[in-house]
Amino acid sequence: MTTFSPVEAALEGVRMTRRKPLVVLAWAACYFAMLVVLGLVVAFAFGGTVRADLALLSRTNDLRELIDIVARRKGTLLPLIAFAVALQSVISVAIMRAVVRPQERHLAYLRVGPEEARQFIVALVGWIVALVVTALPSAVLVLIGAGLISLGAVETNRWVEVLGAIAVAGLSIWAGVRLSLLSMTTFAEGRLSLRRAWTLTDHHFWHLLGMYALAFVITFLVSVAQTIVAGLILGLSGGATNPVMLALSGLANLLLAPFFFTVQMVILTAAPARAYYDLHESELAPAAV
């Protein structure tokens, strides 16, 4: 019988932030340092137009626009993206380590080694899976739609677009949840296995979906808290009437942003880490009886 609780797993990041505030602050400082390093790399290795494209990448949700930016840069952004993923994996693995190996708290659980390197490979596999379950079915829908329009079946095409979009979204969510523990299984068991992640989540889809939904709600509340804090800082600084205080409030918000983002990362990473721990323990329970 499983001991996995979606609510308890979703709240794991909140509990960790409360129990280990100094560790979370260390992760936030590490994240801020990573941003500085990335900023320096962009400033010295690339031109100003690349900085503009990177800013656009962080704001847009248009897949065609994303592809256009990457294509326009002829692959020059790919090493930078890979570098960013590698740096972020350091913090992600530290959070996983804090959940499943709390005794290894030396240096705030931060390491640079094979476990972090494997997470980089997990990210690549995740992109490939996303391409297979989202981009390829979407492309098939586009081809079907083009064929229907050429035959004059415009109304039919509209229904195909709506139902197809729902089907692709459902497939993406289903596959994403079933493989969502891939990072954790790779970290905890030292090998990348899609089959292992798929098997571990069997019969737990709805529990895991509920866990992620609650975790996303909590991260939204963190964003609201960040907005409130930013507003309070701006109000205490005298608003926009004092240039010096306005600059200081901007600096304060700049320093606080990595902390709030790190808290969100802790929540979204600790939840599946806790789910893995509980599900794995339930696997071992029958053998221990």
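This is a short tour of the model, with a selection to make at each stop.

**Before you click**

The model is predicted, so local features need pLDDT of at least 70 and side-chain atom pairs count only at pLDDT 80 or more, while totals for chains, interfaces and linings use all residues. Residues are numbered from 1 along each chain as its sequence is written, and side-chain values use heavy atoms, with hydrogens and water left out.

**Stop 1: the whole protein**

Show everything as a cartoon. The protein has twelve helices and zero strands; these are DSSP runs numbered from the N terminus, helices being H or I with at least four residues and strands E with at least two. Of the 289 residues, 35% count as buried (under 20% relative accessible area, with exposed over 50% and partly exposed in between; 1.4 Å probe, protein chains only). Now switch on the surface: the accessible area is about 16,200 Å², and 73% of that belongs to carbon and sulfur atoms (Shrake-Rupley method, 1.4 Å probe).

**Stop 2: α7 and α8**

Select residues 114–150 for α7 and residues 154–178 for α8. Their axes come within 10 Å and cross at roughly 170° (lines fitted to C-alpha atoms over the stretch in contact, with angles from 0 to 180 degrees between N-to-C directions). The two helices are therefore roughly antiparallel, a term for angles over 145 degrees. Show side chains where they are in contact, meaning heavy atoms within 4.5 Å. On α7 you will find Pro-137, Leu-141 and Gly-145 among them, and on α8 the residues include Val-160, Gly-164 and Val-168. By class, this contact has eleven nonpolar, seven polar and no charged residues (nonpolar: Ala, Val, Leu, Ile, Met, Phe, Trp, Tyr, Cys and Pro; charged: Asp, Glu, Lys and Arg; polar: the others, Gly among them).

**Stop 3: α7 and α9**

Keep α7 and add α9, residues 182–189; here the axes come within 10 Å and cross at roughly 155°. This pair is therefore roughly antiparallel too. Contact residues are Glu-115, Arg-118, Gln-119, Val-122 and Val-125 of α7, with Leu-182, Ser-183, Thr-186 and Phe-187 of α9. They divide into four nonpolar, three polar and two charged.

**Stop 4: Ile-267**

Finally, center on Ile-267 in α12, residues 243–288. Is Ile-267 buried or exposed? Ile-267 is buried, with a relative accessible area of 1%. Leaving aside neighbours within four places in sequence, its contacts are Ala-10, Gly-13, Val-14, Ala-215, Ile-218, Thr-219 and Val-222. Add Tyr-212 as well: Tyr-212 and Ile-267 are 55 residues apart in sequence and 9.8 Å apart in space, C-alpha to C-alpha.

Technical notes: Parallel < 35°, antiparallel > 145°, perpendicular 65-115°, else oblique.
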